Amino acid sequence: ETPAILFDVSHVQDREIDVADLDFTRIERGMFVALYTGFIEKKGYGTAVYFQEHPVLSYALIDALIEKEIAIIGVDFAGIRRGSEHPPADQKCADHGVFVIENLCSLRTVMDQGGSFTACTYPLHYTDMPGLPCRVVAKVEG
């Protein structure tokens with residue numbers, strides 16, 4: 001269980017999601033920081049567009065989140081960077097103790113509840129699957 005915050009960055013279009021798009025005063029060390037773009041809802045998981053044209057985080061934002069010593073970056077799209085930049089960006093985060101969780105669903109529901117929650121992550125064991133799959137459950141007060 002990890003204290004978590006969700007930022008609505010669905011307004012960001014045709015550019016990378018950057019440092020100025022998040023309120024860093026609300027981010028604390030050890031947090032699960034989730035970003036809601038609505039992309040998984042709009043494009044549908046598994047489509048070519050979903051994997052090839054998803055939003056990305058700027059390198060400056062990735063570095064700023066690492067510097068904040070957060071625990072997890074969660075996104076509702078296929079990766080914090082695209083294509084050949086995807087694995088090195090994930091590895092950079094992992095090298096600094098920050099995990100990346102992709103393909104989050106139902107973030108709109110959490111956003112409608114105010115965006116603050118407790119993230120519960122449960123690892124799943126699948127053979128012959130890339131990454132470290134997990135189930136994420138949001139506990140929302142109220």
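Ring pairs tie Phe39, Tyr45, Tyr50 and Phe51 into a cluster. The model is predicted. Its 6 strands form an open sheet with mixed pairing. The structure holds 0 disulfides. Helix 4 has its buried residues on the same side.

**Aromatic cluster**

- The whole structure contains 5 aromatic pairs.
- One of them joins Tyr45 and Tyr50 edge-to-face, at 5.3 Å centre to centre and 65° between the planes.
- Tyr45 is exposed, with a relative accessible area of 54%.
- Tyr50, in contrast, is buried at 0% relative accessibility.
- Tyr45 also pairs with Phe51, again edge-to-face. Here the centres are 5.6 Å apart, and the planes meet at 75°.
- Phe51 is partly exposed, at 39% relative accessibility.
- Phe39 belongs to the cluster as well, linked through ring pairs.

**Sheet**

- The strand order is 4-3-2-1-5-6.
- Strand 4 and strand 6 (134-139) are the edges, each pairing on one side only.
- From one strand to the next, the twist averages 30°.
- Strand 1 and strand 2 run parallel and are joined by 5 bridges.
- Within this pairing, Leu6 stands opposite Ala34 of strand 2.

**Helix 4**

- Which residues of helix 4 are buried? They are His86, Ala89 and Cys93, in a helix that spans residues 86-95.
- These buried residues lie on the same side of helix 4 because they cover an arc of only 75° around the axis.
- What do the buried residues of helix 4 pack against? Their partners are helix 3 (59-67), strand 3 (72-75) and strand 4 (99-101).
- Strand 4, one of these partners, is also an edge strand of the sheet.
- The face turned away from the buried side carries Pro87 and Asp95, both exposed.
- Gly97 comes just after helix 4 and takes a positive phi of about 80°.

**Loop between strand 1 and strand 2**

- This loop connects strand 1 (2-8) and strand 2 (32-36), and Asp14 is found in it.
- Asp14 is not a glycine, yet its phi is positive, at about 60°.
- Is Asp14 buried or exposed? Asp14 counts as exposed, at 82% relative accessibility.
- Ile27 lies in the loop between strand 1 and strand 2 too.
- Ile27 is buried, with a relative accessible area of 3%.
- Leaving aside neighbours within four places in sequence, Ile27 touches Phe7, Leu22, Val33, Leu65, Lys68 and Ile70.
- Among those contacts, Phe7 belongs to strand 1 and Val33 to strand 2. Leu65 falls within helix 3.
- Lys68 is 41 residues away from Ile27 along the chain. The C-alpha atoms of Ile27 and Lys68 are nevertheless separated by just 7.5 Å.

**Loop between helix 3 and strand 3**

- Glu69 lies in the loop between helix 3 and strand 3.
- Which sign does the phi of Glu69 have, positive or negative? The phi of Glu69 is positive, at about 60°, although the residue is not a glycine.
- Glu69 is partly exposed, with a relative accessible area of 43%.
- Both elements that flank this loop, helix 3 and strand 3, are packed against by the buried residues of helix 4.

**Cysteines**

- With 0 disulfides in the structure, Cys120 is in none.
- Where is the nearest cysteine sulfur to that of Cys120? That sulfur belongs to Cys134 and is 11 Å away.
- From the side of Cys134, Cys120 holds the closest cysteine sulfur. The gap of 11 Å is too far for a bond, because a disulfide needs the two sulfur atoms within 2.5 Å.
- Cys120 is buried, at 3% relative accessibility.
- Cys134 is partly exposed, with a relative accessible area of 25%.
- Cys134 sits in strand 6 (134-139), one of the edge strands.
- Cys93 is one of the buried residues of helix 4.

Technical notes: Residues are numbered from 1 along each chain as its sequence is written. This is a predicted model: local features need pLDDT of at least 70, side-chain atom pairs count only at pLDDT 80 or more; totals for chains, interfaces and linings use all residues. Side-chain values use heavy atoms; hydrogens and water are left out. Buried means under 20% relative accessible area, exposed over 50%, partly exposed in between (1.4 Å probe, protein chains only). Helices (H or I, at least four residues) and strands (E, at least two) are DSSP runs, numbered from the N terminus. The arc is that of the directions from the helix axis to the C-beta atoms. Contact means heavy atoms within 4.5 Å. Two strands pair if DSSP finds at least two bridges between them. Axes are lines fitted to C-alpha atoms, for helices over the stretch in contact, and angles run from 0 to 180 degrees between N-to-C directions. Rings of Phe, Tyr and Trp (its six-membered ring) pair if their centres lie within 6.5 Å; planes under 30 degrees apart count as stacked, over 60 as edge-to-face and the rest as tilted.
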